[in-house]
2 protein chains.
Amino acid sequence: MKKHNFSAGPSILPRVVLEQASKAILNFNNLDLSLIEISHRSADFVAVMEKAQQLTLNLLGLENKGYSVLFLQGGASLEFLMVPYNLMKENGKAAYIDTGVWSSKAIKEAKLLGNVETVASSKDKNYSYIPKNFSIPQDAEYVHCTSNNTIFGTQIKTFPKTDMPLVCDMSSDIFSRVLDFSQFDLIYAGAQKNMGPAGTTLVVVKDEILGKTGRTIPSMLDYQVHINSESMYNTPSVFAVYVSMLTLQWLKDLGGLAAIEKMNNAKAKLLYDEIDTNPNFKGTAAIEDRSHMNVTFLIEDTEKAASFDKLCKEAGISGIKGHRSVGGYRASIYNAMPLESVQALVDIMKKI
Amino acid sequence: MKKHNFSAGPSILPRVVLEQASKAILNFNNLDLSLIEISHRSADFVAVMEKAQQLTLNLLGLENKGYSVLFLQGGASLEFLMVPYNLMKENGKAAYIDTGVWSSKAIKEAKLLGNVETVASSKDKNYSYIPKNFSIPQDAEYVHCTSNNTIFGTQIKTFPKTDMPLVCDMSSDIFSRVLDFSQFDLIYAGAQKNMGPAGTTLVVVKDEILGKTGRTIPSMLDYQVHINSESMYNTPSVFAVYVSMLTLQWLKDLGGLAAIEKMNNAKAKLLYDEIDTNPNFKGTAAIEDRSHMNVTFLIEDTEKAASFDKLCKEAGISGIKGHRSVGGYRASIYNAMPLESVQALVDIMKKI
């Protein structure tokens, strides 16, 4: 049965990538060995790592601009700790924008290492919008934001203009749209939405912002240690890096960020148009801040909701239950989601 | 061509496991979805995580003995930091046994958090033996050892007797032999030798030793946080956990640790006997401390070495180059390595 996989993450990957990954588990590069049973320091895997790094810089338009690319472990959750360790002086200060659960977790970890000023928050309205018009204290050492909130279905369209290092958690919308990525000094993202399977974390960092805190940083938390070892300070998450590389190559072959943005916009428009015109549905996020990755909506009539659930199940639509803190539904329409699957969902919405 | 994969890690996995993993990438549990594109909180994956934890306790004989099992990210290298964070009081003291590179790295990270006393070391002879007859200071809060050294080919046969918590890095020989595992209070192991692919780290911890330091521990470094969330505080490394579960099931079906120990002993005996009887070869580790996982040896005649290299290549033998700090050769003969592959290597050694 054809499935339409709207899972929020780990989430849909291109079929061609899954097929290549499946083959590599049995026989990688015609070595008669599995991808997952060779040394990470073998020429065959080093080439995978280097290609993943090159594709990242190429797709983000950051080649030859002083950025390093890392594939680490621990997810964005470990980055919440690594960012202040690497960028905040002892008793220093950082400015955080609170747009939901992930920002809040980042703030909690940063507070262990210094002073955190939450310069803006949308907590007052259950994070249903992106706060704007705030000021950043001049003595902060960096500004941290979360580009897309998977739970509340919001997405930052315009990022803060600042002279200090701008750090962004892009876990749920990396590689989904065209941006001037050089406005960021540090980007991090768990792979398991638009980039690959769970198990690796992308970090893109401008080299010049590192080494300024005076802190002694534990080896595994030190970006410079990982840069010096080309993401092989210890054994990397081989399979997750490989599948990420394949997914980035798929994206490049498709036409890169300009092409995928166009497709993502079309999918989002199709779904939001139905939400806005069908009286049975109601979007939960402020219209101007709506995410093009995670579309959150409610059905207020419980009988109609039951009927909707039944029809979705029959149509092979999976993963659209909303997060408990918002309720209702969440359709995640990441890069690999085809327009046809969104159309299948909209067709059912029209029947309600 | 049939390959004989002696890689030190990531390393050989059972063929049946690779076949199951390859299929799950395309269609997991007949869901018509890939293992790597479903939610880690779905019933199907939660069952994988629980089974991996149960198999771990069952194989180690630690069921109902107050231990928790975690599958984390970051490898043993992150454990080097997590162990002191969770077990060492501020300005506390820990005792470490230095048996090579991995112990030394563990000591380096622990020193960031307190006083480390290296109670024994075999550095004086390039780590070619396991130090014995040392005393542990009574004011230490735990003792740390490394059960097997992949680089120097040594393995601890008898562990220190102590009343304080005993912590052991078993990355390279976990699940390879019968031990009284209840003598350990904390065991950790990167998966990529005897347990699965790179990308997940097993931690088995006795619950009662936690929560005693008074430290504020960052969330991702706090074992109790991961225990409370059943290894799902953040997205786990789904694929690596799944393949580990399959490998543990394969091991259980084979007869568990007693069965695999017998096979590992037979493989080790076959190879060491050839090293000891063939005048062209010389073992590098002290005989009584020889590892049954990583067999290190030299060929002193360079012409014979070239001939050996050529014959190995022709026979499909891969991954036996020794680590640069020892030189020569290293044949890693982990659980999944069949006796036939060791025999293939010995057959070539006999021709030299």
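The exercises below deal with annotated positions and with the two domains of chain A in a predicted model.

Residues are numbered from 1 along each chain as its sequence is written, while chains are lettered from A and ligands numbered from 1 in the order in which they are written. In this predicted model local features need pLDDT of at least 70 and side-chain atom pairs count only at pLDDT 80 or more, whereas totals for chains, interfaces and linings use all residues, and side-chain values use heavy atoms, with hydrogens and water left out.

**Exercise 1.** Find which residues the UniProt annotation "binding site" covers, and why they do not all gather at one spot.

*Solution.* The unreviewed UniProt entry gives this annotation to A:A76, A:S77, A:W102, A:T150, A:D169, A:Q192, A:N234 and A:T235. Because they span 160 residues in sequence and the farthest two C-alpha atoms are 30.6 Å apart, they do not all gather at one spot. UniProt positions are given in the numbering used here, feature names are shortened, and annotations may be inferred rather than shown by experiment.

**Exercise 2.** Determine where A:S77 is placed and whether A:S77 is buried or exposed, then do the same for A:Q192.

*Solution.* Begin with A:S77, which is in helix α3 (residues 75-87) of chain A; helices (H or I, at least four residues) and strands (E, at least two) are DSSP runs, numbered from the N terminus. With 7% relative accessibility A:S77 counts as buried, a word that means under 20% relative accessible area, as against exposed over 50% and partly exposed in between (1.4 Å probe, protein chains only). Leaving aside residues up to four places away in sequence, A:S77 touches B:M220, B:Y233 and B:N234, where contact means heavy atoms within 4.5 Å.

Turn next to A:Q192, found in the loop between β9 (186-190) and β10 (201-206) of chain A. A:Q192 is buried, at a relative accessible area of 11%, and among the residues that A:Q192 touches, not counting those up to four places away in sequence, are A:G9, A:P10 and B:T235.

**Exercise 3.** Work out how chain A is divided and which salt bridge A:D289 forms.

*Solution.* An automatic or database domain assignment gives the bounds: domain 1 is 4-12 + 256-351, and domain 2 is 15-254. Their contact takes 32 residues from domain 1 and 32 residues from domain 2 of chain A. Across this interface the rule finds one salt bridge, defined as a side-chain nitrogen of Lys or Arg within 4 Å of a carboxyl oxygen of Asp or Glu. A:D289 forms a salt bridge with A:K132, and the closest N and O atoms are 2.9 Å apart.
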